[in-house]
Amino acid sequence: MKICNKCDAGNEVMHYRKICKACYRQEVLDYKKTVKGVVSVIYHNQINNTRKRGMEDVSYTQSELQDFLVDETNFMELYTAWVSSDYLKDLKPSVDRDDDYKSYSLDNIQVMTQEEHFAKSGLDRVEGFNLKASTPVYGIAQDGSVTEYFSIHEAARQTNSHYTNIWNVCMGNRKSAAKHKWRFKYEQ
Ligand SMILES: [Zn+2]
């Protein structure tokens with residue numbers, strides 16, 4: 001029996017890999033946090049979606065999708081914010097179609113955070129019911145008045161601002177957004 005030499009748990013290696021189950025699981029988790037891993041998950045979800053709904057096939061390959069997202073969209077901006085948030089689910093970059101009646105093509109997709117995606121698809125967290133999954137913030141106006149918003153996305157909607165800008169103010173990377181200072185309600 002071969003013992004995993006990647007960790008010191010003394011586990012047996014999986015018969016088709018050189019590492020143990022635990023190390024393999026960790027490798028998969030690490031991969032899912034890379035740009036390639038995120039794009040791969042997005043791509044395969046799209047393929048599954050088109051099959052489930054009987055839509056036209058996705059009209060690009062995974063690497064074409066990655067090049068497009070990295071070069072032509074704000075994907076990297078969102079990805080970086082997601083990494084520095086320690087992989088907060090709400091901030092994970094996701095891809096949505098502009099026109100829901102058309103299938104996935106490079107001219108019919110846009111990048112947004114997971115939270116924006118949910119908000120757009122009209123799920124209950126738009127109404128503020130799913131508070132646990134959102135990141136509540138305080139907006140401090142120039143006159144000093146403070147407003148609480150149940151999520152960054154809700155704050156962006158109400159103040160005509162952008163999600164990433166508010167997030168960056170909260171993180172201290174930026175002074176203000178939409179003429180407001182922003183603070184997380186809870187320490188992140
Ligand atoms: Zn191991």
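## Reading a helix, a sheet and a core

Guide: Let's start with a packing feature: helix α6 (residues 152–159) lies across β3 and β4, and runs at about 30° to β3. Then α7 packs on the sheet too, touching β3 and β5, and its direction makes about 70° with that of β5.

Visitor: Before we go on, what kind of model is this, and how are the residues numbered?

Guide: This is a predicted model, where local features need pLDDT of at least 70, side-chain atom pairs count only at pLDDT 80 or more, and totals for chains, interfaces and linings use all residues. Residues are numbered from 1 along each chain as its sequence is written.

Visitor: And how do I read the element names and those angles?

Guide: Helices (H or I, at least four residues) and strands (E, at least two) are DSSP runs, numbered from the N terminus. Axes are lines fitted to C-alpha atoms, for helices over the stretch in contact, and angles run from 0 to 180 degrees between N-to-C directions. Here the protein has seven helices and five strands, in the pattern α-α-α-α-β-β-α-β-β-α-α-β along the sequence.

Visitor: What is the strand order in the open sheet?

Guide: In general, strands of a sheet pair through backbone hydrogen bonds, either parallel or antiparallel. Two strands count as paired if DSSP finds at least two bridges between them. In this case the three strands of the open sheet come in the order β4-β3-β5, with antiparallel pairing. β4 (146–149) and β5 are the edge strands, each pairing on one side only. From one strand to the next, the twist averages 25°.

Visitor: How many bridges join β3 to β4?

Guide: Four bridges join β3 (residues 137–140) to β4. If you want a spot to look at, glycine 139 stands opposite threonine 147 in β4.

Visitor: Back to α7, then. Is it mostly covered or mostly open?

Guide: The rule is a neighbour count: a residue is buried if 20 or more other C-beta atoms lie within 10 Å of its own, exposed if 12 or fewer, and partly exposed in between, with C-beta atoms placed from the backbone. α7 is mostly covered, with six of its eight residues buried: Tyr163, Thr164, Ile166, Trp167, Val169 and Cys170. Their cover includes α4, β2, α5 (114–120), β3, α6 and β5. After α7 comes glycine 172, with a positive phi near 85°.

Visitor: What is isoleucine 166 in contact with?

Guide: Contact means that the C-beta atoms of two residues, placed from the backbone, lie within 7 Å. Leaving aside neighbours within four places in sequence, isoleucine 166 contacts Val137, Ile152, Ala155, Ala156, Ser161, Ala177 and Trp182.

Visitor: Which residues touch the most other members of the largest nonpolar core?

Guide: A nonpolar core is a set of buried Ala, Val, Leu, Ile, Met, Phe, Trp, Tyr and Cys residues joined through C-beta atoms within 7 Å. The largest one has 30 residues, and Val137, Ile152 and Ile166 touch the most other members. Domain 2 (42–121) and domain 3 (129–184) both give residues to this core, so it lies between them. Those bounds come from an automatic or database domain assignment.

Visitor: Why does serine 176 count as partly exposed?

Guide: Because serine 176 has 15 C-beta neighbours inside 10 Å. You'll find serine 176 in the loop between α7 (163–170) and β5 (181–184). Not counting residues up to four places away in sequence, serine 176 touches Val169 and Lys181.
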